[in-house]
Amino acid sequence: MESSVPSSSAVEEEEEGGTVDDARKLNSGDEGEEEQVMSEVHLGCPPGFSGPYISDFTVFLPQDTIMGWKTQDEAIASQTVDLDEDGDLLLPRRSKVSNDICSLRIQHNITSSIPNVGLQVWSAELVLSDFMLHKLASSSEFHGAIALELGAGTGLVGLLLARYANTVFLTDHGNEILGNCAENVNLNAGLLNCQAAIQVRELDWFNGWPPEPIIEEASLSRGFCWTLKEIEEAENASLLLAADVIYSDNLTDAFFSTLERLMSRGSRKVLYLALEKRYNFSLSDLDVVANGYSHFRSYVKDEDEMKCLDSKSMPCFVGKLIDITQIPQYVKEYERGLEVEIWEIKYYPPEAIMAE
Ligand SMILES: C[S@@+](CC[C@H](N)C(=O)[O-])C[C@H]1O[C@@H](n2cnc3c(N)ncnc32)[C@H](O)[C@@H]1O
């Protein structure tokens, strides 16, 4: 695994309300070029290369999920019982797993401009993949789910989930990022043995939810537009995923506004959000602060605070921090930093607060 990480700039650009500041800022040396940022995930890529590049991510599939919809114990219980020549019970052996490692092919850039950060893979996406695979191994919550990933970028976590879910919507904005995501769906079509229908669709948080549906379902030029049927299906999703979408206060506002609309329609949903806490030196505070994180926390109440809410309370998001030290690493090629957190977030309209 090659890595060449330039030193990072630590001074926050405050007028933007925060940027992907912790990402490695590259100096192009050409004043006319847009500023480039670099994530820490660039495995296998030759030094100096900026992409697009196709990397193979090795993923250990947790044992119980290899059997698909059944847990391993259920699968064993469903096997016929045999006796040996002495009449003793032959206990069924756990089937030898030959394909418990899968290789996911992901096309990604090694650097990008800030508006194109979705062309790169960010660490939070890999931590969220670990979490999701662990959930698949330890509960039935994600099996057969309708799921939607927001700010999916390369679509890595959604692609893994597609092996077990019913439908996965991979959403982001802009044709370049969505096109790259769709390319990753194609690259993995034969590899993943997907159970799910995967749809790559545009969901720009500044346009909110629901998106404008296309009139002609069969239109050849539909691009990444939604049909009415797909919008209804997405509103019935039970699972929302998002990784590394908290880095600019404006975006965080638009993200939570979209979430509020999406989560208050259709089925009850839970969001698993992986974020990277980015610390920067702030000139106004004269201290190292995590501003983007504080802004995120202003949207999310702790579970304890929930107990103090009543019917007059505003609608709110309630979050629980997941202990990721308990989650094994299923995706091989990355170093899990201490700065990534995963939050389980639910949305409570006032009537739901009353009922709790
Ligand atoms: C840091 S990248 C994370 C990408 C991917 N989830 C990962 O962790 O590898 C942030 C993502 O948010 C998306 N994003 C930014 N602004 C957006 C907007 N207005 N609407 C939807 N997605 C947006 C970007 O395109 C990008 O894919």
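A residue is buried if 20 or more other C-beta atoms lie within 10 Å of its own. I set this cut-off down before turning to helix 3, and I note that the model I examined is a predicted one.

**Entry 1. Helix 3**

I looked up how much of helix 3 is enclosed. Of the 16 residues of helix 3, 13 are buried, so this helix is largely enclosed by the rest of the structure. I then checked its span. From the first C-alpha to the last, helix 3 reaches 23 Å, close to the 22 Å expected at 1.5 Å a residue.

**Entry 2. The whole chain**

I turned to the overall counts. The protein chain holds ten helices and 17 strands. It has 356 residues, and buried residues make up 37% of them. I also looked up the contacts with a separation of 6 or more, and 71% of these join residues 24 or more positions apart.

**Entry 3. The nonpolar core**

Which residues have the most contacts inside the largest nonpolar core? I found Leu 128, Ala 147, Leu 160, Leu 161, Val 168 and Ala 274, in a core of 80 residues. Helix 3, which covers residues 123–138, gives the largest share of this core, namely eight residues.

I followed Val 168 further. Leaving out residues up to four places away in sequence, Val 168 touches Ala 147, Gly 158, Leu 161, Ala 162, Ala 196 and Ile 198.

**Entry 4. Around the ligand**

I counted the shell around the ligand and recorded 23 residues, of which the closest are Gly 118, Trp 122, Glu 125, Gly 151 and Gly 153. Helix 3 and helix 7 (249–263) are the elements that give two or more residues to this shell. Sorted by class, the shell has 14 nonpolar, five polar and four charged residues.

**Entry 5. Helix 5**

I examined helix 5 next, which runs over residues 175–187. Its 13 residues reach 18 Å from the first C-alpha to the last, close to the 18 Å expected at 1.5 Å a residue.

Which residues of helix 5 are buried? I noted Ile 177, Leu 178, Asn 180, Cys 181 and Asn 184. They lie on the same side of helix 5, because they cover an arc of only 160 degrees around the axis. The exposed residues Asn 175 and Asn 186 are carried on the face turned away from the buried side. I also looked up what covers the buried residues of helix 5, and the cover includes strand 6 (101–108), helix 4 (156–161), strand 9 (167–172) and strand 10 (197–202).

**Entry 6. Phe 57**

I located Phe 57 in strand 3, residues 53–60. Phe 57 counts as buried because it has 23 C-beta neighbours inside 10 Å. When neighbours within four places in sequence are left aside, Phe 57 is in contact with Leu 104, Ile 106, Val 331 and Glu 333. I also recorded its distance to Leu 156: the two residues are 99 residues apart along the chain, and their C-alpha atoms are separated by 9.4 Å.

**Entry 7. Gly 319**

In strand 16 (residues 316–322) I looked up Gly 319. Is Gly 319 buried or exposed? I found it buried, since 22 other C-beta atoms lie within 10 Å. Not counting residues up to four places away in sequence, Gly 319 touches Val 300, Asp 302, Trp 343, Glu 344 and Ile 345. Gly 319 and Leu 273 are 46 residues apart in sequence, and their C-alpha atoms are 9.8 Å apart in space.

**Entry 8. Arg 265**

I found Arg 265 in the loop between helix 7 and strand 12 (270–276). Arg 265 counts as partly exposed because it has 15 C-beta neighbours inside 10 Å. Its C-alpha atom and that of Ala 234 are separated by 9.7 Å, and these two residues are 31 residues apart along the chain.

**Entry 9. Backbone exceptions**

Most residues other than glycine have a negative phi, and most peptide bonds are trans. I therefore noted two places for this entry.

The peptide bond from Trp 209 to Pro 210 is cis, with omega near 5 degrees. I placed Pro 210 in the loop between strand 10 and helix 6 (228–235).

Asp 244 has a positive phi, near 50 degrees, and is a residue other than glycine. I found Asp 244 in the loop between strand 11 (239–243) and helix 7. Although it lies in a loop, Asp 244 counts as buried, because it has 26 C-beta neighbours inside 10 Å.

Note on methods:
Residues numbered from 1 in each chain as written. Predicted model: local features only at pLDDT ≥ 70, side-chain atom pairs only at ≥ 80, totals over all residues. Core = buried A, V, L, I, M, F, W, Y, C linked by C-beta atoms within 7 Å. Buried ≥ 20, exposed ≤ 12 C-beta atoms within 10 Å, placed from the backbone. Helix = DSSP H or I, 4+ residues; strand = E, 2+ residues; numbered from the N terminus. Contact = placed C-beta atoms within 7 Å. Near = placed C-beta within 6 Å. Nonpolar A, V, L, I, M, F, W, Y, C, P; charged D, E, K, R; others polar. Expected span 1.5 Å × (residues − 1). Arc of directions from axis to C-beta.
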